[in-house]
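Me: I would like a close look at one chain of this model, taken region by region, with its partner chain brought in where the two meet. Please keep the account connected rather than giving me a list.

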Amino acid sequence: MGAFIGIDLGTTYSLITHFDDSGRPKIIEDEESNKMTPSCVWFNENSIEVGKEARIQLGFPGVAGRFKREMGTDYIFNFDGNQYTPTDLSSEILKKLYKSAIIKIGKVSEAVITVPANFSSEARVETKKAAKLAGIETVMLADEPTAAALYYAFEKGGSLNGNYAVYDLGGGTFDISIVNIKEFEVKVLSTDGIARLGGDDFDQILQDIVKKKYHEATSEELEEEDFTKTEAEEYKKSLSKRDVQIRLNKKNYLVTKEEFSEAISSSVKKTERVCKSALAESGLKSSDLKEVFLVGGSTRIPSVQEAVKNVFNMPPTSTINVDEAVALGASIYASKKGDPAKLTDDQLDKINKIKVQDVTPRYFGIIAEEYDSKRRKKILINSNIIPKNTKRPCADTKSYFTTEDDQTGVSCEITSSMIDSTATEMATIVWKGSLGPLPKGRTKGQQIDVMFKFDTDGIMFASFIDVSTGIKKSIKLSDIEEN
Amino acid sequence: MTNLDKANELIVKIALLIAFCDDEFHDSESKIIKNWIEKKTKGLTEQNRTKLKNSYEIALEKSIKSIKSNDSNITDLCLELLSLGPQIYSFDALELSIEIMTADNLIHPNEVKLIYQLAKILKISNKDVVEIIDKSILGMSQIPKNIDVEGLLKIDPTVSNIEADKAFQKTFVKWNHLTTSASTDIQRKISQKMLDVTSDVGDKYT
């Protein structure tokens, strides 16, 4: 029988799970028996340490952490004269997790890696590349809050019925999803997030508080290695419960819960704004929600829970382990999307009840030329074809027209964006190609139809068709988008 | 002199008024105006090109003097531009002025105020102004400093907290999304800065 794994490739910690033969999602511990593997890589002379040992060294030369935030960017890490991309570093984490899975469960049939809802197209592509570098052959991506919602629906045994919010504040990113759950059926209504906001920022804020106090007391600067981010993270956990005394150079520095809450309030308020936006996009009001589920380690912070209460007018629910929900949901997702022939009877019994209705994570469109009557000139615009949050499967076709006589080719550029804007600066080009050669001698105004289609798995198909000749360019965008 | 040449001279004068808003004429601002003149004279014969460039540069010098002696008035310049006809002149004036506003990586309250004043006289909608400003901000070469977000959102003391919060919410959502979907890395960093500033300043209206 096949093995279905889910991976939460997190900013600060990563987890791997599998859907066991009895149809239960379970955590797979890493080789050091940790359920949560720190997302840290240490280039230690001729060896590479990944996980707990590397985390202890974080802040010292040769150690990389928090690189998930740089996925899809040009950022390069330099260690001992060698250059590493965030993709290279992520693949080291995935290698370690995958190895643990193979030791525990053998050959893997299907793997799902979760990504933040607001992850850029480039970051999604790079995550898939990292998986390939790590030797994971069949991999799909799923949005983190969708995976968490799936786990909540599963764990509640079909007792949920209504609209829910999933508030996911992890180590590096914030996500919110508004979902409708009916027993085991999860429909995503809207999803949103903040790409750079999470526990890592709170650790930095605590470091800054301590640095300031130290400077006030000693008139000296506190060095990074005297109070590392890893140490800040540990104190931050205590600050969720009580005031802390931080001992530095034989002297104590008091940081109160209130002081810390005040310092992070600006960041927490950002999550409130995104929640309001996601709620508005779903077409619901907070009174339409039955519960708000918490996911991610940073939701243990009391002021975060208070913010959730403020924005949704109800106290949040955190009955499950907030650190594990995404990873556990990911293995359920992998089983649902995988080959049913590879499932045991018990797995099939559980999986058949589950349904996931996802939405398109962004707007998808093309770059088109338009005559701007105000400016009296031709300009390039982003013309959206499929709106954000459209239920999958979906399809739409828009017609465009050639703009020059004797035009023998059409430039085709597919865009993805988070906002409904015609400005090209607001969109990312995710694929570039051309349609042609087209017949010579035709006048301008030849109709070009552009058809976009998303299937249930989130695979996007695009076709550019010259209507009068039937000349067509078709693309499957599975390599640039999430699945 | 054609209407187009007259319009271009007026556009340069208007842009200069924006540049002098913070009492200084930065090199970056001067460079933008010179590049704009270059662009406008491109494609002409060498003789015409030199003639026009000279006339714009004379206009530039004269304007600097009249601005310094408080002898330049934005309303008069805009009304004269409007009298020349096509709306394209108005858009050209606004686009160049906004480019000047963002040239020094600062978005100064006086500049923002004057931009909106300019748009009002030139009969350009707020929606168009915001679009041009956003494009210009995203086109900056560095992450901006000192951004007058309240000015950009036209928040004045008469606006209620609810209305102000709505404006901040809309802008917050836009910049947040651009942190991941803007075209380039620098644009995403600029969007992050705009997001942070919008969030921090907007907090007082929640």
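Reply: What follows goes through chain A by its domains, sheets, core and loops, and then turns to chain B.

The model is a predicted one, and its local features are described only where pLDDT is at least 70. In chain A, the domain assignment separates domain 1, made of 4-196 together with 266-357, from domain 2 at 199-263 and domain 3 at 363-476. Domain 1 is thus written in two segments, with domain 2 placed between them in the numbering. Between the C-alpha centres of domain 2 of chain A and domain 3 of chain A there are 52 Å.

One sheet of chain A is open and has five strands, ordered E17-E12-E13-E14-E18, with mixed pairing. Its edges are formed by strand E17 (289-295) and strand E18 (355-357) of chain A, each of which pairs on one side only, and from one strand to the next the twist averages 25 degrees. At the E18 edge, strand E14 (residues 185-194) of chain A runs parallel to E18(A) and is joined to it by three bridges; A:Glu185 has A:Lys355 as its bridge partner in E18(A). Across strand E12 (161-169), strand E13 (174-182) and E14 of chain A lies helix H7 (residues 257-282) of chain A, which runs at about 140 degrees to E14(A).

The largest nonpolar core has 107 residues, and the members that touch the most others are A:Ile7, A:Leu94, A:Ala148, A:Leu150, A:Val166 and A:Tyr167. Because domain 1 (4-196 + 266-357) and domain 2 (199-263) of chain A both give residues to this core, it lies between them. A:Ala148 offers a way into its surroundings: once neighbours within four places in sequence are left aside, A:Ala148 is in contact with A:Val166, A:Asp168, A:Phe293, A:Val295, A:Ala325, A:Val326 and A:Gly329. A second core, separate from the one just described, has 59 residues and includes A:Met426 and A:Ala427 as well as B:Cys78 and B:Trp175. As a general matter, nonpolar side chains in soluble globular proteins tend to be buried together.

A further open sheet of chain A consists of four strands in the order E20-E19-E22-E23, and here the pairing is antiparallel. E20 and E23 of chain A are its edge strands, pairing on one side only, and neighbouring strands of this sheet are turned by 35 degrees against each other on average when direction is ignored. Strand E19 (residues 363-372) of chain A pairs with E20(A) in the antiparallel sense over nine bridges, and within E20(A) it is A:Ile386 that stands opposite A:Phe364.

Several loops of chain A carry backbone features worth a look. Most peptide bonds are trans, and most residues other than glycine have a negative phi. A cis peptide bond, with omega about 5 degrees, joins A:Arg392 and A:Pro393; A:Pro393 sits in the loop between strand E20 (377-386) and strand E21 (394-401) of chain A. Another cis peptide bond joins A:Gly436 and A:Pro437, with omega about 0 degrees, and A:Pro437 belongs to the loop between strand E23 (428-435) and strand E24 (447-454) of chain A.

Positive phi values occur as well. A:Asp80, which is not a glycine, has a phi near 50 degrees and lies in the loop between strand E8 (77-79) and strand E9 (82-84) of chain A. A:Asp80 counts as exposed because it has 10 C-beta neighbours inside 10 Å. For A:Asn313, also a residue other than glycine, phi is positive at about 55 degrees, and its place is in the loop between helix H8 (302-312) and helix H9 (325-337) of chain A. A:Asn313 counts as exposed too, with 11 C-beta neighbours inside 10 Å.

Where the chains meet, 28 residues of chain A are in contact with 27 residues of chain B. On the chain B side, helix H5 (87-103), helix H7 (126-138), helix H9 (161-181) and helix H10 (185-202) each supply at least two residues, and H9(B) gives the most, with 10 residues. That side of chain B is divided into eight nonpolar, 12 polar and seven charged residues.

Conventions: Residues are numbered from 1 along each chain as its sequence is written. Chains are lettered from A and ligands numbered from 1 in the order in which they are written. This is a predicted model: local features need pLDDT of at least 70, side-chain atom pairs count only at pLDDT 80 or more; totals for chains, interfaces and linings use all residues. Domain bounds come from an automatic or database domain assignment. Two residues are in contact if their C-beta atoms, placed from the backbone, lie within 7 Å. Ala, Val, Leu, Ile, Met, Phe, Trp, Tyr, Cys and Pro count as nonpolar, Asp, Glu, Lys and Arg as charged, and the others, Gly among them, as polar. A nonpolar core is a set of buried Ala, Val, Leu, Ile, Met, Phe, Trp, Tyr and Cys residues joined through C-beta atoms within 7 Å. A residue is buried if 20 or more other C-beta atoms lie within 10 Å of its own, exposed if 12 or fewer, and partly exposed in between; C-beta atoms are placed from the backbone. Two strands pair if DSSP finds at least two bridges between them. Axes are lines fitted to C-alpha atoms, for helices over the stretch in contact, and angles run from 0 to 180 degrees between N-to-C directions.
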